Amino acid sequence: MTTNELKLRTKSFSLMVIDLVEKLPESISAKVVANQIVRSGTSVGANYRAVCRARSDREFVSKMNVVLEEADETLFWIEIIIERNGLIN
């Protein structure tokens, strides 16, 4: 996968996360989850773009680890939504 393909894929992921958040109910707990997942989910693409501007191998690895952390956090929130019995309307 090329750099540009991954940029597009992570951007698409961000948009899917936003679409998911829009389907969550208006409860207090859903709002908390929505805030967390939209922050981490959109951060994946934004931070990947920063990876592409890394000035050294060390900086590349460091920034890529941030991307991986945000992706893992997003997965956590998706699991919460699923295990909360769909939280989605």
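User: Let's start with one ring. Is Phe76 buried, partly exposed or exposed?

Analyst: This is a predicted model, so read every value here as computed from it. For burial, look at the relative accessible area: under 20% is buried and over 50% is exposed, with partly exposed in between. Phe76 has 40% relative accessibility, so it counts as partly exposed.

User: And which residue does Phe76 form an aromatic pair with?

Analyst: For ring pairs, check the distance between centres, then the angle between planes. A search of the whole structure turns up one aromatic pair. That pair is Phe76 with Trp77, with centres 4.9 Å apart and planes at 75 degrees, which makes it edge-to-face. Trp77 itself is buried, at 15% relative accessible area.

User: Which residues make up the largest nonpolar core?

Analyst: The general idea first: in soluble globular proteins, nonpolar side chains tend to be buried together. Here the largest nonpolar core has 10 residues: Val17, Leu20, Val21, Leu24, Ala30, Val33, Ala34, Ile37, Trp77 and Ile81. Each of α1, α2 and α3 supplies at least two residues of this core, and α2 gives the most, with four.

User: Pick one core residue for me. What does Ile37 touch?

Analyst: When you list contacts, skip the close sequence neighbours. Not counting residues up to four places away, Ile37 touches Val17, Leu20, Val21, Thr42, Thr74, Trp77, Ile78 and Ile81. Val17, Leu20, Val21, Trp77 and Ile81 are also on the list of core residues.

User: How do I read helix α2 itself, say its reach from end to end?

Analyst: Compare its reach with the span expected for its residue count. α2 runs over residues 28-51, which is 24 residues, and reaches 35 Å from its first C-alpha to its last, close to the 34 Å expected. Look at the axis as well: α2 bends by about 30 degrees at Val44.

User: Which residues of α2 are buried, and what covers them?

Analyst: A useful rule for reading a helix is that it has 3.6 residues a turn, so residues three or four places apart point the same way. In α2 the buried residues are Ala30, Val33, Ala34, Ile37, Ser40, Gly41, Ser43, Val44, Gly45, Tyr48, Ala50 and Val51. What covers them includes α1 (3-22) and α3 (57-83).

User: Let's zoom in on Tyr48. What is Tyr48 in contact with?

Analyst: Start with burial, then go to the partners. Tyr48 is in helix α2 and is buried, with a relative accessible area of 7%. Leaving aside neighbours within four places in sequence, Tyr48 is in contact with Thr3, Leu6, Lys7, Thr10, Met64 and Val67. Take Met64: its C-alpha is 6.9 Å from that of Tyr48, though the two are 16 residues apart along the chain.

User: Over to α3, then. Which of its residues are buried?

Analyst: Same reading order as before. α3 has 27 residues and reaches 39 Å from first C-alpha to last, close to the 39 Å expected. Its buried residues are Glu59, Val67, Glu70, Thr74, Trp77 and Ile81, and they pack against α1 and α2. Just after α3, Asn85 takes a positive phi of about 70 degrees.

User: Glu59 is on that buried list. Which salt bridges does Glu59 form?

Analyst: For a salt bridge, find the N and O atoms that come closest, then ask how exposed each partner is. Glu59 meets Arg55 at 3.1 Å, N to O, and it also pairs with Lys63, where the closest N and O atoms are 3.7 Å apart. Glu59 and Lys63 are four residues apart in α3, so about one helical turn separates them. As for exposure, Glu59 is buried at 17%, Arg55 is exposed at 72% and Lys63 is partly exposed at 26%. There's also a network joined by shared partners: Arg39, Glu70 and Glu73.

User: How many salt bridges does the structure hold?

Analyst: The structure holds five. One of them links Lys31 and Glu26, with the closest N and O atoms 3.9 Å apart. Lys31 is partly exposed, at 43% relative accessibility, whereas Glu26 is exposed, at 64%.

Methods. Residues numbered from 1 in each chain as written. Predicted model: local features only at pLDDT ≥ 70, side-chain atom pairs only at ≥ 80, totals over all residues. Heavy atoms only, no water. Expected span 1.5 Å × (residues − 1). Bend = angle between axes of the 7 residues up to and from the residue. Buried < 20%, exposed > 50% of the residue type's maximum accessible area, 1.4 Å probe, protein only. Contact = heavy atoms within 4.5 Å. Salt bridge = Lys/Arg side-chain N within 4 Å of Asp/Glu carboxyl O. Core = buried A, V, L, I, M, F, W, Y, C linked by side-chain atoms within 4.5 Å. Phe/Tyr/Trp six-rings, centres within 6.5 Å; stacked < 30°, edge-to-face > 60°.
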